[in-house]
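Thank you all for coming; I would like to take you through one model this morning, going from single helices to the place where the chains meet. Please have the sequence and the structure open while I talk.

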Protein chains: 2
Amino acid sequence: MLDDRELVHDTARRARAAAQELRVLTRDQKDAALLAMADALEANSAEIVAENEHDIARARENGTSDALIDRLTLTSDRIASIAQALREVAALPDPVGEVIRGYTLPNGLQVRQIRVPIGVVGMIYEARPNVTVDAAGLCLKSGNAALLRGSSSAMNSNQALATAMRSALVDQGLNPDAVQLVPGDSHESVKHLMTARGLVDVLIPRGGESLIRSVVENSTVPVIETGVGNCHVYVDSHADIDKAVALVVNSKAQRVSVCNAAETLLVHRDIADVFLPRALEALAEAGVTLHADARFAGAARGGPCAVVEATDEDWAAEYYSLDMAASIVESIDEAIDHIRRWSSGHTEAIVSDSQTSIAHFTARIDSAAIMVNASTRFTDGGEFGFGAEIGISTQKLHARGPMGLPELTSTTYIVTGDGHTRG
Amino acid sequence: MLDDRELVHDTARRARAAAQELRVLTRDQKDAALLAMADALEANSAEIVAENEHDIARARENGTSDALIDRLTLTSDRIASIAQALREVAALPDPVGEVIRGYTLPNGLQVRQIRVPIGVVGMIYEARPNVTVDAAGLCLKSGNAALLRGSSSAMNSNQALATAMRSALVDQGLNPDAVQLVPGDSHESVKHLMTARGLVDVLIPRGGESLIRSVVENSTVPVIETGVGNCHVYVDSHADIDKAVALVVNSKAQRVSVCNAAETLLVHRDIADVFLPRALEALAEAGVTLHADARFAGAARGGPCAVVEATDEDWAAEYYSLDMAASIVESIDEAIDHIRRWSSGHTEAIVSDSQTSIAHFTARIDSAAIMVNASTRFTDGGEFGFGAEIGISTQKLHARGPMGLPELTSTTYIVTGDGHTRG
C-alpha cells in the first residue's frame, strides 16, 4: 500500500502525464471539453446538491457560522451559474500558442516567443466549492493539469463536482487526470503537495492569510502568493467631494469580506474640512467604525460616525469588517510614505482631479493595482474582463494582480534557422 | 558595531531607498548615468587593472587554472568593451512605463497594465568581473537597485569597478546606492542575502550548478533559476545531412564551457547510415569523444571518432567538455521521450526538413528554447538582440530563456475612472 506521500506524488505523476496530452490539444478540443463539463455539472445537479448537504450538515455540527455555511452551500441555481462560468471560459481565446514576441534577426534567424502551458498547477483553497470548477476550467483552457486541494469542509461537494467533470472528460476521449483532487484530507496531504518539486510546476494558495503564509514559507514548489489585501484610499486636496465620498464608502463597505475592500482612509489636510462632514455621514450610514489617528479623531469628534483611537496595528490590519483605519496627512508624499510602509501591495486608490497629483501618486506607488477615481473593489479578474480568475497575485514576479488565462502560461522561444551555426 | 547579518540587511535597506528614487527617473537621466558609468570605467582603467592584478596574483597562489585566470583577467581593452556594453544598454528602449495591455471596459473604466521596476535585484555570481558591470547597467536601465555579490576571487576587481560606477552616479546627482556590492566575502554574507525577504525582491544566481542549487534551496527571497543546460540535438529522419553535421559540431564544440552547448546527440535510425559516417568524421576532427548507447556504438565502431559506452549518468551529464552522449532512436517520439526524461529544460534542437516533424517536436518539447535547424549556441541574450543579458532562466515562472530588460520588470495595473463604484 502506498503511504500518504506516495499517494499524493502518484497523483501528481498522473497529472504530469495528463499535462503532456493537454499541451497538444486544439482549442476546439478544449472548448468541447469545457462545454461537456458544464453540461455534466447541470446533469448531475441533484447528486451534487445531495453531497453538498453532507458537508453542510457536518458544518452545522461543528458550529460553523451562517456566513460560512452560505459560502459552502450549493443549490441547483448556483450549480447552473458555476457551469455557466465554464462556458464563459470556453468562449475566451486560447492563450496557448499566442506569439508574444516575434522578429527576424540580422542573420536571418526567426525568433518567436510563444505561450505554452505551465504543466501541473496545484491549487490549495478554502471553503467555496465553486473554486474547484473555476480552477479546473481555467487550467484546462490553458492546457494545464489541475491538482485541487480544497478544504475538508467541502470534501463531499468537491468530490461530486470533480466526479462530474472527470466523467465529461472521459466522454470527450480525454484523460480524466487533467482534473484531480489531491487524495487525503489531512494537513499531511497539503505538505506532500508542497514538497512535490519537479512533479508540480506551481502552487497557488487561495484563502486566508495563515493558509497563504504557510504555503509560501513551506513549499519547495514555486508559489504564486495571492490575495492578502490591506488597500488604501487617498483623498487628495484636489478631489471631487461627491466622488470621494462615494468611492470611500464603496471601497470599504460594498463587500467587507474580500481582499479588494479598502482598510485605510488617508485624507489630505487641505480638503479635510469640507470632505469630512460629508464622508462621516455616509460612513456612519454604512455602519463603518473608524480607527483614527489623533488629528482625524479630533476633526471627527461629535460627528455621526463611530471613531476609536488607532494604533499601529490598525495601519497593518485587514479588518474584513466594517472597520476602517483613518488618518489626515500633511501632503500627498505623506500619504505615499504611509502606503509604502503599511500596504500589502494589493490595491491603492487616489481620488483627485489634479493630473499632477495622479501622475505623482501612480509613479510612486508600488502595488498590483492603482485605482484613479475608481473603487478599490474593481481589482478583480471578472471586472477586468478576464472571465473567471484563478486568484489575485500580490507578488512581483510572474503575475501581479488578477490572474486569468495568460497568467497560467509560461513561454518558449522557437528559433528557426536554415542550418545557422554560431561563429 | 553591526553584525554580519545587519551589515548585509542594512545594505539592502539602502538599496530599497535608492530603488524608490530610480523608479521615477526619466529615460534621459538613466541613459546619462549609464554613459557616465561607461566613461568612468575607462577613465579609471589603470586603477581597475591594478586591482585586478591583486586578484590574479591571489588566484595564481591558489593554483587556479589558466582558463579561470583568463576569465578573471581585465585589460584596458576588456574594460573598454565592458564600458561599451553599458553604452549599448543606454541605447536600448526603456522598459519602464511600457503599456503591455490597455483597453476600456464596457463601464468606461480604462485599464492599463504597465511595466514597473521590480525594486531591489540581488545577483550572486562567480568569477567574471564583467558581470558586475553588466548587471549594474541592466538593473539601472530597468529602474532597479542592484545588490551584487561576486566571488571572493574577483573581490578587488569588483570593488574597483563598483567604485568607478558609483562615483559616476554621484556626479550625475544620483544615489550611488543604486549599485552596491554586498559587504563581506564569507559564505555567511550570501546566506544573509538569501534571507533578506521583504528587503530584496528577487535573487538571480549565475554560475555553476552547485551555486544555483544552493540558492534555490536556501533562499526565502524569490529566486530566478538560471543556466543549467543539458541541451540535446535531435537529427530527424528528414534532416539535411550537411546542415545536421554542421549543427551538431557547432552545438557541441564551438564553445564547450557554456550552458547552451549541446550535451547529447539523438539520431533517428532511418538516417543513421548516411549521417553517421559524415558526423563521426567531423566530430573526430573537432576532438569530441562520444558516450554512446550500444546501438550507436555498434554503428560507430571502427570509425574515426572516439566512442565509449554510455551509462545513465551520461544522459544526465553536462560535460562542459568535448564529450557528448549519443543515441540512435527508433522514432521522433523516442527522441521526445528521451528529452522529457533527461533535459534540464534549457535548449533542444531539431534538424529536419519535414514540417510535420518540426511541428510535432516543437509542440511537445517543454524547454526554454527550441532551435529548428539552428545551433543550440544561439540561446543567448546577445544573439537574441537583448543587449547584455542578466542570465538565462530555466524555470517556467516569470521569465524563461535569455533575460533582458523586460524580464527585470514587474507590472502594475492602472485603472482610471470618473468616480466609478461597484454595484
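**From a helix to the two-fold axis**

Let me begin in chain B with helix H7, residues 155-171, whose 17 residues reach 24 Å from the first C-alpha to the last, close to the 24 Å expected at 1.5 Å a residue. I should say at once that this is a predicted model, and I would ask you to hear everything that follows in that light.

The buried residues of H7(B) include Asn156(B), Ser157(B), Asn158(B) and Arg166(B), and also Ala160(B), Leu161(B), Ala164(B) and Leu169(B). Among the elements that cover these buried residues are helices H2 (27-43), H3 (45-61) and H6 (130-141) of chain B, together with strand E5 (179-181) of chain B. Just after the helix, Gly173(B) takes a positive phi of about 75 degrees.

Two of those buried residues bring us to Leu41(B), which, if we leave aside its neighbours within four places in sequence, is in contact with Leu161(B) and Ala164(B), and also with Ile48(B), Ile79(B), Ile82(B), Ala83(B) and Val133(B). In soluble globular proteins, nonpolar side chains tend to be buried together. Here the largest nonpolar core has 263 residues, and Leu41(B) is among those with the most contacts inside it, along with Ala146(A), Leu147(A), Ala146(B) and Leu147(B).

Turning to chain A, helix H6, residues 130-141, has twelve residues and reaches 17 Å between its first and last C-alpha atoms, close to the 16 Å expected at 1.5 Å a residue. Why can we call H6(A) largely enclosed by the rest of the structure? Eleven of its twelve residues are buried, so the description follows from that count; the buried ones include Asp134(A) and Lys141(A) as well as Val131(A), Leu138(A) and Cys139(A). After H6(A) comes Gly143(A), with a positive phi near 80 degrees.

Now to the contact between the chains, which takes 52 residues from chain A and 52 residues from chain B. On the side of chain A that touches chain B, strand E2 (110-117), helix H10 (241-253), helix H15 (355-364), strand E13 (369-374) and strand E16 (409-420) each supply at least two residues, and the largest share, eleven residues, comes from E16(A). By class, that side of chain A has 23 nonpolar, 18 polar and eleven charged residues.

Strands also pair across this contact: five bridges join E13(A) to strand E16 (residues 409-420) of chain B, and the two run parallel. Within E16(B), His420(B) stands opposite Ala374(A).

A residue worth pausing on is Phe378(B), which lies in the loop between strands E13 (369-374) and E14 (391-393) of chain B. Phe378(B) is buried, because 27 other C-beta atoms lie within 10 Å, and the cut-off for calling a residue buried is 20 or more. Leaving aside neighbours within four places in sequence, Phe378(B) is in contact with Leu109(A), Val415(A), His420(A) and Arg422(A) from chain A, and with Met371(B) and Glu383(B) from chain B.

How, finally, are the two copies related? A rotation of 180 degrees, with 0.0 Å of shift along its axis, superposes chain A on chain B with an RMSD of 0.0 Å, and the copies are thus related as by a two-fold rotation axis. The same surface serves both copies, since 100% of the contact residues of chain A recur in chain B. Of the residues of chain A, His398(A) comes closest to the rotation axis, at 1.7 Å for its C-alpha.

Key
Residues are numbered from 1 along each chain as its sequence is written. Chains are lettered from A and ligands numbered from 1 in the order in which they are written. This is a predicted model: local features need pLDDT of at least 70, side-chain atom pairs count only at pLDDT 80 or more; totals for chains, interfaces and linings use all residues. Helices (H or I, at least four residues) and strands (E, at least two) are DSSP runs, numbered from the N terminus. The expected span of a helix is 1.5 Å times one less than its number of residues. Two residues are in contact if their C-beta atoms, placed from the backbone, lie within 7 Å. A nonpolar core is a set of buried Ala, Val, Leu, Ile, Met, Phe, Trp, Tyr and Cys residues joined through C-beta atoms within 7 Å. Ala, Val, Leu, Ile, Met, Phe, Trp, Tyr, Cys and Pro count as nonpolar, Asp, Glu, Lys and Arg as charged, and the others, Gly among them, as polar. Two strands pair if DSSP finds at least two bridges between them. Copies are superposed by least squares on the C-alpha atoms of residues with pLDDT of at least 70 in both.
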